[in-house]
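Open the model in your viewer and keep the selection box handy. We'll go stop by stop, picking a few things at a time and saying what is there.

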Amino acid sequence: MAKADRLERLDSRREELEGEYRGALIAALRVTAGGRWGLFGHQKDKAAIARTAPTIAALTELADEIDAMRDTLGLEPFRLHRDFMAARGPAAADAVGEPKQALAWLDRMSAAA
């Protein structure tokens, strides 16, 4: 019974952290949608990289903690973070800009909620 209780508490904490991650990502996406580049790392702008580094580090730290919990619970890795990190990096010259990409992410996340 103790193990079941511990796993239930762990799952509850995982859900809390996933909500925290989601909220932090939405806040960062709103800033980017407002015109502040850097979250998706499309450009090699050192100032933008430095400005967004704390946000990326905080999201990654949360995701690592979530993934550890998911592993203990026998769940798949945290897909939202994996998808977000896969969307980052240099983009083709004809790709949409970061503000438009952030708006698309916000739409996608609100549809999934």
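The tour starts with the whole chain and then moves inward.

**Before you click**

This is a predicted model, in which local features need pLDDT of at least 70 and side-chain atom pairs count only at pLDDT 80 or more, while totals for chains, interfaces and linings use all residues. Residues are numbered from 1 along each chain as its sequence is written, and side-chain values use heavy atoms, with hydrogens and water left out.

**Stop 1: the whole chain**

Show everything as a cartoon. You'll find 4 helices and 0 strands, in the order α-α-α-α along the sequence. Helices here are DSSP runs (H or I, at least four residues), strands are runs of E of at least two, and both are numbered from the N terminus. The C-alpha trace spans about 55 × 30 × 20 Å along its principal axes.

Now colour by accessibility. Of the 113 residues, 32% are buried; buried means under 20% relative accessible area, exposed over 50%, and partly exposed in between (1.4 Å probe, protein chains only). As for contacts (heavy atoms within 4.5 Å), take those between residues at least 6 apart in sequence: 76% of them join residues at least 24 apart.

**Stop 2: the nonpolar core**

Next, select Y21, L25, L29, F40, F84 and W105. In the largest nonpolar core, which has 22 residues, these touch the most other members. Helix 1 (2–33), helix 2 (46–73), helix 3 (79–87) and helix 4 (98–112) each supply at least two residues of this core. A nonpolar core is a set of buried Ala, Val, Leu, Ile, Met, Phe, Trp, Tyr and Cys residues joined through side-chain atoms within 4.5 Å. In soluble globular proteins, nonpolar side chains tend to be buried together.

Zoom in on W105, which sits in helix 4. Is W105 buried or exposed? W105 is buried, because its relative accessible area is 6%. Beyond four places in sequence, W105 has contacts with L25, L29, F40, L80, D83, F84 and A87. Try a distance label from W105 to L25: 80 residues separate them along the chain, and their C-alpha atoms are 9.7 Å apart.

Slide over to F40. With neighbours within four places set aside, the contacts of F40 are L29, T32, F84, A87, R88, G89, E98, Q101, A102 and W105.

**Stop 3: helix 3, side by side**

Select helix 3 and look down its axis. Which of its residues are buried? They are L80, H81, F84 and A87. These cover an arc of only 125 degrees around the axis, so they lie on the same side of helix 3. (The arc is that of the directions from the helix axis to the C-beta atoms.) Helix 1, helix 2 and helix 4 are among what covers them. Turn to the face away from that buried side and you'll meet the exposed residues R79 and A86.

Pick H81, part of this helix. H81 counts as buried because its relative accessibility is 9%. Setting aside neighbours within four places, H81 touches Y21, L59, T60 and A63. Just after helix 3, stop at G89, where phi is positive at about 115 degrees.

**Stop 4: the cavity**

Rolling a probe the size of a water molecule over the atoms shows where empty space is left. How many cavities of 30 Å³ or more does a search of the whole structure find? The search finds 1, and the volume of the largest is about 40 Å³. To see its lining, select W37, G38, G41, Q43, D45, A48, I49 and E98. On a 1 Å grid over the protein atoms alone, a cavity is a set of points where a 1.4 Å probe fits but cannot get out, and lining residues have an atom within 4 Å of a point.

Colour the lining by class and you get 3 nonpolar, 3 polar and 2 charged residues.

**Stop 5: two last picks**

Select Q101 in helix 4. Q101 is buried because its relative accessibility is 15%. Leaving out neighbours within four places, Q101 is in contact with F40, H42, A87 and V96.

Finish at A113, in the segment after helix 4. A113 counts as exposed because its relative accessibility is 76%.

Methods: 1 Å grid on protein atoms, 1.4 Å probe; cavity = no way out; pocket = protein on both sides within 12 Å on 5 of 7 lines; lining within 4 Å. Points joined across faces, edges and corners; volume = space filled by probe spheres on them. Nonpolar A, V, L, I, M, F, W, Y, C, P; charged D, E, K, R; others polar.
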